[in-house]
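Here are my notes on the model, set out as numbered points. Please read them alongside the coordinates.

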Amino acid sequence: MKKLSIVASAIAFALLGGCAAYKPETWVNRGPTTIDASETGLIYCYDDANIIDGERMVGTLCATPTSGFFMQGEPEIKFGPWNRKFMSALVSETTKGVELDYKGKRAFLKCSPVLGADSKVEVGRDCTATMNDQHLVSAKFIFKK
């Protein structure tokens, strides 16, 4: 019985000690990615981090292949720092770019059309999000197969 309590104490200490030794993430700039976002009803997201005004910040880009109540509308792009859906825009609005203020920083989302093999039909959007004109996250979303 004494051995069992010693083993249980050692396991508990190891588990709790592991929690106290947590180190925050430090990776930055994993680079742009291409995401097949063609299945209706799902939200597709990508996270990246960069140094913004001297501090590490994580940005999340998300896309849905349709919008609207009956999922009949055009695709939608969402962006936010720290995995928040801070701003949302239809793909047609992202061509000019969408700008909002986030805690005193200028958040800017801009997407350009991605053309299919025939160079005539738009199949997706190549999006970039910046904070204070500094690159945060980029992703290419393909909406049609």
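**Notes on the sheet, two loops and ring contacts**

1. K103 is placed in the loop between β6 and β7. This is a predicted model, and the backbone of K103 deserves a look: the residue is not a glycine, yet its phi is positive, at about 50 degrees. Most residues other than glycine have a negative phi. K103 has a relative accessible area of 69% and, being over the 50% cut-off, therefore counts as exposed.

2. W82 also calls for a check of the backbone. W82 is not a glycine either, and has a positive phi of about 55 degrees. The residue sits in the loop that runs between β4 (76-81) and β5 (87-90). Is W82 buried, exposed or partly exposed? Its relative accessibility is 40%, so W82 is classed as partly exposed; the class covers values between 20% and 50%.

3. The strands on either side of the K103 loop, β6 and β7, belong to an open sheet of five strands. The strand order is β1-β9-β8-β7-β6, with mixed pairing. At the edges are β1 (33-36) and β6 (98-102), each of which has a pairing partner on one side only. On average, neighbouring strands in this sheet are turned by 25 degrees against each other, with direction ignored.

4. How do β6 and β7 pair, in the parallel or the antiparallel sense? The sense is antiparallel, and the pairing of β6 with β7 (residues 105-115) runs over five bridges. For orientation in the register, V98 is found opposite L109 of β7.

5. The model contains one aromatic pair. It is formed by F86 and Y102, whose ring centres are 5.3 Å apart and whose planes make an angle of 75 degrees; the pair is edge-to-face because that angle is over 60 degrees. The contact joins distant parts of the chain, with F86 in the loop between β4 and β5 and Y102 in strand β6, 16 residues apart.

6. The two partners of the ring pair fall into separate accessibility classes. Y102 has a relative accessible area of 8% and is therefore buried, the cut-off being under 20%. F86, at 27%, is partly exposed.

7. One charge-over-ring contact may be noted as well: R106 is positioned over the face of F108, 4.8 Å from the centre of the ring. Both residue numbers fall within the range 105-115 given for β7.

Note on methods. Residues are numbered from 1 along each chain as its sequence is written. This is a predicted model: local features need pLDDT of at least 70, side-chain atom pairs count only at pLDDT 80 or more; totals for chains, interfaces and linings use all residues. Side-chain values use heavy atoms; hydrogens and water are left out. Two strands pair if DSSP finds at least two bridges between them. Helices (H or I, at least four residues) and strands (E, at least two) are DSSP runs, numbered from the N terminus. Axes are lines fitted to C-alpha atoms, for helices over the stretch in contact, and angles run from 0 to 180 degrees between N-to-C directions. Buried means under 20% relative accessible area, exposed over 50%, partly exposed in between (1.4 Å probe, protein chains only). Rings of Phe, Tyr and Trp (its six-membered ring) pair if their centres lie within 6.5 Å; planes under 30 degrees apart count as stacked, over 60 as edge-to-face and the rest as tilted. A charge sits over a ring if NZ of Lys or CZ of Arg is within 6 Å of the ring centre and within 35 degrees of the ring normal.
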